[in-house]
Amino acid sequence: MGKDLKGKELGVGICQRKDGLYTARFISKKTGKSVQRYFPKLQECRKWYADAKFEDEHGGINASGNMIVTAWFNYWIENIKGNSIRSNTIRNYKERFEHNIKKCIGNMILSEVKPMHCQNVLNQMKDDYMSSTIYQTRITLYCMFSDAVENDVLYKNPVTKGIKHNIGKEPKKVRALTIDKQKKFLGVAEKSSNYNQFAFILQTGLRTGELIGLKCSDVDWEKLSYTYKDDFRSC
């Protein structure tokens, strides 16, 4: 996993040199030799890396006549999206593809996928999934096909504006805990190993994913009051 000069991870095959240039490198499956290029901008570097690897593995960026949807998704998630988005988003894309998209259109020729096929993916979910999950599946479909268009693998995106996603089960009504109920809950959870997490979420309103992503380095120790400093002593 390559990094920039500040230590930020850039993805497999990409890193930043001391002179500020970004470099992308991979081993060609055709020749077994190293292929490497340098770029002043990170986005240019990532685009070249994705295009060059695709061409090396599939015989050219336009030679996708027999490529099936699953093959494109695997390449897309590893070489195009894998270097530029958060791991949680990658996980969501993979889950939606494996659970919902693959069984419907995974074996179809990429260029033969039409809007009706994309709508059918979502229709198959309506009895078992919430509309929010169906919407996430639509996002996955749109993004994977959009990047195929951008890389000249497809002529146009089959996920059109007419594709409906609000067809799932009604979401459960969200109920907010009153102050008294929060106190009762914390009283019961006081001996739980997750007590601090429960209390922190109730005090800040953070979502679970946001809480998990927090690090001690995110705390501004200078501004943190001495009242709470002892609570973070373990950091």
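1. Helices H3 and H5 are roughly perpendicular to each other, because their crossing angle falls in the class of 65 to 115 degrees (angles under 35 degrees count as roughly parallel, over 145 as roughly antiparallel, and the rest as oblique). Helix H3 covers residues 87–105 and packs against H5 at an angle of about 80 degrees, with the axes 10 Å apart. Axes are lines fitted to C-alpha atoms, for helices over the stretch in contact, and angles run from 0 to 180 degrees between N-to-C directions. Helices (H or I, at least four residues) and strands (E, at least two) are DSSP runs, numbered from the N terminus.

2. The structure is a predicted model, in which local features need pLDDT of at least 70 and side-chain atom pairs count only at pLDDT 80 or more, while totals for chains, interfaces and linings use all residues. Residues are numbered from 1 along each chain as its sequence is written, and side-chain values use heavy atoms, with hydrogens and water left out.

3. Confidence should be considered next. The protein chain has an average pLDDT of 85 (the predictor's confidence in each residue, from 0 to 100), and 90% of the residues score at least 70. Confidence is lowest in helix H9 (residues 226–229), with a mean of 52, and highest in helix H4 (residues 115–123), at 96.

4. The contact of H3 with H5 can be described by its residues (contact means heavy atoms within 4.5 Å). On the H3 side are Tyr93, Arg96, Phe97, Asn100, Ile101 and Ile105; the residues they meet in H5 include Thr133, Leu141, Met144 and Phe145. By class, this contact has 9 nonpolar, 5 polar and 1 charged residues. Ala, Val, Leu, Ile, Met, Phe, Trp, Tyr, Cys and Pro count as nonpolar, Asp, Glu, Lys and Arg as charged, and the others, Gly among them, as polar.

5. Helix H5 (131–150) and H6 are joined by a loop that contains Asp152. The phi of Asp152 is near 65 degrees, a positive value in a residue other than glycine.

6. A second helix pair is H6 (residues 179–189) with H7 (residues 195–204), whose axes come within 9 Å and cross at roughly 165 degrees. H6 is therefore roughly antiparallel to H7. Gln182, Phe185, Leu186 and Ala189 in H6 meet Tyr195, Phe198, Ala199 and Leu202 in H7. The residues of this contact divide into 7 nonpolar, 1 polar and no charged.

7. The strands also deserve comment. An open sheet is formed by 3 strands in the order S3-S4-S5, with antiparallel pairing; two strands pair if DSSP finds at least two bridges between them. Strand S3 (14–16) and S5 are the edge strands, each pairing on one side only. From one strand to the next, the twist averages 20 degrees.

8. S3 and S4 run antiparallel and are joined by 3 bridges. Ile14 has Ala24 in S4 as its bridge partner, and Gln16 has Tyr22 in S4. These two strands form a hairpin with 5 residues between them, and Gly20 in the turn has a positive phi of about 95 degrees.

9. Strand S4 (residues 22–27) pairs with strand S5 (residues 34–39) in the antiparallel sense over 6 bridges. Within S5, Arg37 is the bridge partner of Ala24, and Phe39 stands opposite Tyr22. The hairpin of S4 and S5 has 6 residues between the strands, and Gly32 takes a positive phi near 75 degrees there.
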